[in-house]
Amino acid sequence: MSETYEKPQPVIDPGTKPFWDAAREHRLLLPRCRSCGEHHFYPRELCPHCYSDDLEWVDASGDGEVYSYTIARKPAGPTFAADVPYVIAMIKLDEGPRMLTNIITSDVESVRIGARVKVSFDDVTPELTLPKFKLESE
Amino acid sequence: MAREAVIVGVGDVPLEGGKVVGGGSVLQVQARAAKAALDDARLSMRDVDGLLVAGLWGVPGPGQLPSVTLGEYLGIHPRFADSTNIGGSAFEAHVAHAAMAIEKGYCDVALISYGSMQKSERSRTLGGRPSILTMQFENVWGIPQPVGGYALAAQRHMHEFGTTEEQLAEIAVATRKWASMNPAATMRDPLTIDDVMNSTRIADPLKLLDCCLVTDGAGAIVMTTAENARAHGSKPIHIRGYGEAHTHWSIGAMPDLARLTAAEMASKRAFEMAGISHDAIDLVECYDSFTITVMMTLEALGFCKPGEGGAFVSGQRTAPGGAFPLNTNGGGLSYCHPGMYGIFLLVEAVRQLRGEAGARQVADVATALVHGTGGTLSSGSTVILANN
Ligand SMILES: [Zn+2]
């Protein structure tokens, strides 16, 4: 945890506050549709699968697999420069939705599509926790 | 007799080393390109009653209402305006929208305009989008924009289909060969596959030479009725079909990272409207923000099957002298890429269809397909053009 966290922080809005609040409690919360049963991410007001407004928040397992990834060799601006190389990954959560995140690993070259991953919460400030992922094999 | 909308003028501004010669503000360079396109059309600014504008300039500020600001600057009072911004594919959509407006009698002469001074103004960065609304779930991870999203797609394409980095490099090499024949192109020195493979890694698997340039640029298109074109003695380029679609901007919401859904939707409609098959297309100009964009576009347009793009571009098939002429001005990879490149696809297709492309002229071009891609593989718009 750092008091001088200078990377981009989400501008949290009423539609996304439950997700970020839960992350601070180290819970990965997903919206689920009571009408069609599908989960989705990021959180919407209407289910993007069947357009129902009958949604609920549920705790996700935090498990998934790597759907795709890239190793950033150039940073997304100066605040990420010290992290290069770092892994940005799209995780297919076991509940179905895909989620962009980072994979925290000691060996960026070891990441592969299909690898199993588990959520790992990073408390970057007292107010903000980012749900990142780690390889199950690590 | 029904009104037929046609393209009658194209224009751009001279570039040297990727910068507009003589410099200028983003409004000045658009005015120059507009004048060039109107001169080409044998029409005057006075005739323009439809204005279509998309860009990333003047925001926050006058660019928030781009057609209103540009109309004021040009001294015209349009009665039809369209500021649709779906990314770099906006201008192909503008051709479609202007065609509908002209054929409906809603306007008579439409000017489509784009300009950017991003290189001269040093305004391009890999980060920097505000982390609000949908982007609060993208920026926090440090994804370089927009290359990171394209890298995720490339990685997935390689995983699903066995596409190789060398196959992606084929596209950069072939495009550079076309650029070598375009005096306006920013990068004209020969390139090898090894050069691409050994270029600086940006976001795996994409390297520097898989990525488009960062340049200035301005372009304009003029459209009117076929009847008006005849009356002014300008040579019309016919619009046989068009289509557009968009699916997402957040890369996490892309339906399938290995398939360009928006291009599949847009081109299907354009081919149906034109009533022709792929065999009838003599030339393709498609958006090349990155090499992977081209490969996924060729698959989505139906020139090869999904996953066969790597084999399709191998052996310099898309280079000068190859079986499939593609991006004949040198593309965004080697000619210019001012941020929203799509208007230059149209400018080049029209020049090729008129036989005005000089050293890089492709023989016997009667029908050309233009396809723009915008956002992060987000939007697609197709226009099929013909010179007869
Ligand atoms: Zn639903």
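**An exposed loop residue and an enclosed strand**

In this predicted model, L133 of chain B sits in the loop that links β6 (110-116) and α4 (147-161) of chain B. How buried or exposed is L133(B)? Its relative accessibility comes out at 57%, so L133(B) counts as exposed, the cut-off for that label being over 50%. L133(B) doesn't stand alone, either: together with I132(B) and V11(A), L133(B) makes up a nonpolar patch on the surface. The accessible area of these three residues adds up to about 270 Å².

Strand β12 of chain B, residues 367-374, tells another story. Eight of its eight residues are buried, so the strand is largely enclosed by the rest of the structure. In a regular strand, side chains take turns between the two faces of the sheet. In β12(B), T367(B), L369(B), H371(B) and T373(B) point one way, while A368(B), V370(B), G372(B) and G374(B) point the other way. Whichever way they point, all of them are buried.

Which strands pair with β12(B)? One partner is β11(B), residues 283-286, which runs parallel to β12(B) and is joined to it by four bridges. Here, V370(B) of β12(B) has E285(B) standing opposite. Another partner is β13(B), residues 379-386, which runs antiparallel to β12(B), with eight bridges joining the two. In this pairing, T373(B) is found opposite G380(B) of β13(B).

The link between β12(B) and β13(B) is a short story of its own: the two strands form a hairpin, with four residues between them. Within that turn, G375(B) has a positive phi of about 70°.

Notes
Residues numbered from 1 in each chain as written. Chains lettered and ligands numbered in written order. Predicted model: local features only at pLDDT ≥ 70, side-chain atom pairs only at ≥ 80, totals over all residues. Heavy atoms only, no water. Buried < 20%, exposed > 50% of the residue type's maximum accessible area, 1.4 Å probe, protein only. Pairing = 2+ DSSP bridges. Patch = residues over 30% accessible without salt bridge, like charges linked within 9 Å, V, L, I, M, F, W, Y side chains within 5 Å. Areas by Shrake-Rupley, 256 points an atom, 1.4 Å probe, with all protein chains shown as cover. Salt bridge = Lys/Arg side-chain N within 4 Å of Asp/Glu carboxyl O.
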